[in-house]
Amino acid sequence: MTSQAVRLCGLLLREHFGEVVEKVGTHLLRGGAQNLRTIIHETGIPLDLVKKSLCVLVQHGACVFSSDRKGTGSPTEYRTSCDSILRILRYPRYIYTAKTLYGDTGELIIEELLQRGHVTMSSTVKTVADRLTQNMEEGCCMDYNEVTSAFSKLVETHFLQRCPLMAGAGTTASATPATGTPTAPVSIAVPTAESFPDCYKVPHLTLVGRGKRQLCGEDGEDQRNAKKVKTDSQTHGDERICWQVNFERFHLHFRDQAIISAVVNKLDQMSSEIVRTMLRMSEVTTSPTAAYTKPLSANEIFRSLPTSYNIPRPILDQYLTLLVDDPMEFVGKSGESGGGMFVVNLHRALANLARATLESVVQERFGSRSARIFRLLLRKRHLEQKQVEDFAMIPAKEAKDMLYTLLSQNLVQLQEIPKTPDFAPSRTFYLYTVNQLPTARMLLQNCYKTVGNLIERRLFESKESKRLLEKSQRIEAILASLQASGAEPEQLTEVEEMITATEKQQLEALRLHINKLDSAENQVDESIFLIESYVTSTASTS
């Protein structure tokens, strides 16, 4: 955990949950596991606000708690991690992926779960059906069964999972042997969703009906609240069964898509479809931290290919040979049975993707010649300055300046190999090299800093134009209310003219600027994901 990661976590918490939650969350990040009394004492926040903040963090999976860590009867302790908070940065990507795979219904289901953290299936189905009905033509309604079907598909593909069952305070006490002999305190592992068998079991809902349109006006609001109180008391067969988004499954999907895109750019569309088929066949049987997928025979791959491509078996064998012989080494051969056994080299693929990201950063910051030197050092490992000049075909003075610039930015390292024990410069080899893993970690911190700066800038822009944004929102609400009540065009025009032409230009410029900042955040997050995946894969394989 670094200062840049903690800073970014604090900005994300402030933007989504407010300053109090930000203060509690960053305090837990810096201080580690702490009980309630310690948090109140060290932050100076009142008890009720600390409790509400912890509830918000626990509800959204950003905080976990455990008891009896320091012995029987010790108070409950709370802790959080950067990884669980940084997932907030990827929320738009989760929602867009759900929309791509399962349409508008899947998009709204994921959005509802991300907004509320943990929620029951029946509540999600009703809310999503109501929102879809609101956007339909008059007289059309979304049936609950259609939303339930989309929810079940998300669970079947493991994009959604049941929330883990949290052990009560008395669980550890009951697990202690009743021998009267004192035992050492045991660290209680935080339960995961996969730790119980019904993780992906969809309950049978007794929910029948269609989505309802919201009524406008104060009377409509009262009527809606009255109906909510009435319907919330009903049972639908899924009480106390909450669901959450399976972020790891989304990350596996992002990883697979990045590999497929790299194959398309390097080879062609047909090769990418073969790799896509291999990843799809092994996504259930391969561990998320595995360096390779499970071996697949050429016969199995041939039978599982989409029929629309109509690839003959000899052509498939040629494509598999091409993928195996490619220097990127995305696909490897592990045996000869069944026409040949093939695997997708996940770790090697992530390493190549991270390497391409590093090369792109060097090229954007220091130019194509510096990127040429950087790629040369990645390929040759260790080179003297004279060798760099010769291999890169760059004049000595320019190569020297570029090497020293990369060295000052910690993108290139200098290794000294002495001929004699006295380390005399005249009898020492000075070799330049690139250590990909430390360089990737450094770039990851720079990405955290960049996203933090983008968020701060966006918050500043919104704060500077707060009055204008509030005025625009009020007018839009009035227009929506008038349109729903069937107002005349003259009335609508009169309300629209409450915003002057100058204010419209300011609003348009502000929205354009904020959209650019949002787009930049998403682009940097793609680099963050690739580098994080590479660092995690390297740690799990070493």
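Two strands pair if DSSP finds at least two bridges between them. The exercises below use that rule on a predicted model.

**Exercise 1. The sheet**

Determine the order of the strands in the open sheet, and find which strands stand at the edges.

*Solution.*
Step 1. Take S7 (residues 296-297) and S9. They are joined by 2 bridges and run antiparallel. Within this pairing, Ser 297 stands opposite Met 341.
Step 2. Take S8 and S9. These strands pair over 4 bridges, in the antiparallel sense. Val 331 has Val 344 of S9 as its bridge partner. Gly 332 stands opposite Val 343 in S9.
Step 3. Assemble. The 3 strands form an open sheet in the order S7-S9-S8, with antiparallel pairing. S7 and S8 each have a single partner strand, so one side of each is left without a neighbour in the sheet.

**Exercise 2. The faces of S9 and the helices on the sheet**

Sort the side chains of S9 by direction, and state whether they are buried or exposed. Then place H12 and H14 against the sheet.

*Solution.*
Step 1. Recall the general pattern. In a regular strand, side chains alternate between the two faces of the sheet.
Step 2. Apply it to S9 (residues 341-344). Met 341 and Val 343 point one way. Phe 342 and Val 344 point the other way.
Step 3. Check burial. All four of these side chains are buried.
Step 4. Add the helices. Helix H12 (residues 269-282) lies across S7, S8 and S9, and runs at about 90° to S9. H14 also packs on the sheet, where it touches S8 and S9. The direction of H14 makes about 105° with that of S8.

**Exercise 3. An aromatic cluster**

Classify the ring pairs Tyr 91–Tyr 94 and Tyr 94–Phe 250, then name the cluster they belong to.

*Solution.*
Step 1. Choose the descriptors. A pair of aromatic rings is described by the distance of the centres and the angle of the planes.
Step 2. Count. The model has 11 aromatic pairs.
Step 3. Start with Tyr 91 and Tyr 94. Their centres are 6.2 Å apart and their planes 50° apart, a tilted pair. Both residues lie in helix H6 (residues 91-116), 3 residues apart, or about one turn of the helix. Both are buried.
Step 4. Move to Tyr 94 and Phe 250. The ring centres are 5.2 Å apart and the planes are at 50°, so this pair is tilted. It links distant parts of the chain: Tyr 94 is in H6, Phe 250 is in helix H11 (residues 247-266), and 156 residues separate them. Tyr 94 and Phe 250 are both buried.
Step 5. Join the rings. One aromatic cluster holds Tyr 91, Tyr 94, Tyr 102, Phe 159, Phe 247, Phe 250, Phe 254 and Phe 529.
Step 6. Look for charges over these rings. The charged end of Arg 93 sits over the ring of Phe 529, 5.4 Å from its centre. That of Arg 249 sits over the ring of Phe 159, 4.5 Å from its centre.

**Exercise 4. A glutamate in H6**

Is Glu 111 buried or exposed, and what does it contact beyond four places in sequence?

*Solution.*
Step 1. Locate the residue. Glu 111 lies in helix H6.
Step 2. Apply the cut-off. Buried means under 20% relative accessible area. Glu 111 has 17%, so it is buried.
Step 3. List the contacts. Leaving aside neighbours within four places in sequence, Glu 111 is in contact with Ile 95 and Arg 131.

**Exercise 5. Positive phi**

Compare the settings of Glu 329 and Arg 381, two non-glycine residues with positive phi.

*Solution.*
Step 1. Recall the background. Most residues other than glycine have a negative phi.
Step 2. Read the angles. Phi is about 60° for Glu 329 and near 75° for Arg 381.
Step 3. Place both. Glu 329 lies in the loop between helix H14 (313-325) and strand S8 (331-335). Arg 381 lies in the loop between helix H16 (368-380) and helix H17 (385-392).
Step 4. Assess exposure. Glu 329 is partly exposed, at 37% relative accessible area. Arg 381 counts as exposed, at 55%.

**Exercise 6. Confidence**

Which stretches have pLDDT under 50?

*Solution.*
Step 1. Take the average. The protein averages a pLDDT of 83, and 88% of the residues score at least 70.
Step 2. Identify the stretches. pLDDT stays under 50 over residues 168-190, with 16 contacts beyond four places in sequence. It also stays under 50 over residues 216-231, with 7 such contacts.

Notes. Residues numbered from 1 in each chain as written. Predicted model: local features only at pLDDT ≥ 70, side-chain atom pairs only at ≥ 80, totals over all residues. Heavy atoms only, no water. Buried < 20%, exposed > 50% of the residue type's maximum accessible area, 1.4 Å probe, protein only. pLDDT = per-residue confidence, 0-100. Contact = heavy atoms within 4.5 Å. Phe/Tyr/Trp six-rings, centres within 6.5 Å; stacked < 30°, edge-to-face > 60°. Lys NZ or Arg CZ within 6 Å of the ring centre and 35° of its normal. Axes fitted to C-alpha atoms, helices over the stretch in contact; angles between N-to-C directions.
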